[in-house]
Amino acid sequence: MSRDTDELARLPAGHALLPDTGGVGAISDGELHFLWHFIQGSIMEHEVRESLLRAWGMCQRHTFAFLSIDAALRRGYLHGPAILYQAIMERAVAALNAYSPLHRRPITHALRATGPCYMCALRYGPESSGYPSRDVVERGRNLDEIRRFTLETEAGWHSDVCGRCAQDERRARCRRHLLDELRHGDAAVTEARAQVASICARVTRYARAFRWELRGTDTPLDRAALISAAGWCSGWNSWLRLAAESNR
Ligand SMILES: [Zn+2]
Ligand SMILES: [Zn+2]
């Protein structure tokens, strides 16, 4: 089984990060401890960023954990993730522009993850132990900020949701399902190219709006592109579940 097929395989029970639970799907102390240090510094290290680029971010569980903890501990100030996903989506634009109907192989090659999830490789998961401070535990497990960000931007990311992740008729595809369809010869590449270019342009505007001289230049649609980028790279399940639970 190739690594790309592995990416689509079902996660073991309990490994998916389920937004609503305090139980088996919830972020572990070890993950919380790691991510607290990660967002404060190691995300900027060259080696770490290269790993994140190779893996298109992280797996679904750790992508959601990363963004939710960043939002919680920085009160919705998602600067680090915006810069990271700008770089990742620039890579996606380049990958899709390399496509031609006669030469499918380069694009499937370019869209694969060529390394494991950084946190999974370090064996962080639902059972990991760690010693985050009480303050980090209380704030880091609070989903209010990521829920607020996700719901406030929902109108902007809704059309980017992958129909195969959502199991409905939507035409958009995440990277993993696009790869799967490219292998079977029925992928809508022109649409994917337009979608990825749009996400990249918007997440770039969002990332730049953290600069003092450009503050306030981003729109809700631009901020939504951070969710779109995370969903496109790693899958939509956590985001759809968070939105569904919050809209009940
Ligand atoms: Zn992972
Ligand atoms: Zn998908």
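Two residues are taken to be in contact when their C-beta atoms, placed from the backbone, lie within 7 Å. With that in hand, the helix pairs of this predicted model can be read residue by residue.

Helix α2, residues 29-40, and helix α4, residues 60-73, make a convenient starting point. On the α2 side, the contact is formed by E31, L32, L35, W36 and I39, and these meet A65, F66, I69, D70 and L73 of α4. Sorted by class, this contact holds eight nonpolar and two charged residues, with no polar residue. The two helix axes come within 10 Å of each other and cross at roughly 65°. Angles of 65 to 115 degrees count as roughly perpendicular, and α2 and α4 are therefore described as roughly perpendicular to each other. The crossing of α2 with α4 is right-handed.

A second pair lies further along the chain, where helix α13 spans residues 189-208 and helix α14 spans residues 220-234. The axes of α13 and α14 come within 7 Å, and the crossing angle is roughly 125°. An angle over 145 degrees would count as roughly antiparallel, and one of 65 to 115 degrees as roughly perpendicular; α13 and α14 fall in neither group and are therefore oblique to each other. Their crossing is left-handed. From α13, the residues V196, I199, R202, V203, R205 and Y206 take part, and they meet L221, D222, R223, A225, L226, S228, A229 and W232 from α14. The residues of this contact divide into nine nonpolar, one polar and four charged.

Away from the helix pairs, two loop residues deserve a look for their backbone angles. R123 sits in the loop that links α7 (118-121) to α8 (134-140). Its phi is near 70°, which is a positive value in a residue other than glycine. Is the R123 position buried or exposed? A residue counts as exposed if 12 or fewer other C-beta atoms lie within 10 Å of its own; R123 has 9 and is therefore exposed.

Q167 offers a second case of positive phi in a residue other than glycine, with a value near 60°. Q167 is found in the loop between α11 (163-166) and α12 (175-183). Because Q167 has 9 C-beta neighbours inside 10 Å, this residue, too, counts as exposed.

Note on methods
Residues are numbered from 1 along each chain as its sequence is written. Chains are lettered from A and ligands numbered from 1 in the order in which they are written. This is a predicted model: local features need pLDDT of at least 70, side-chain atom pairs count only at pLDDT 80 or more; totals for chains, interfaces and linings use all residues. Helices (H or I, at least four residues) and strands (E, at least two) are DSSP runs, numbered from the N terminus. A residue is buried if 20 or more other C-beta atoms lie within 10 Å of its own, exposed if 12 or fewer, and partly exposed in between; C-beta atoms are placed from the backbone. Axes are lines fitted to C-alpha atoms, for helices over the stretch in contact, and angles run from 0 to 180 degrees between N-to-C directions. Angles under 35 degrees count as roughly parallel, over 145 as roughly antiparallel, 65 to 115 as roughly perpendicular and the rest as oblique. A crossing is left-handed if the near helix is turned anticlockwise from the far one by less than a right angle, and right-handed if clockwise. Ala, Val, Leu, Ile, Met, Phe, Trp, Tyr, Cys and Pro count as nonpolar, Asp, Glu, Lys and Arg as charged, and the others, Gly among them, as polar.
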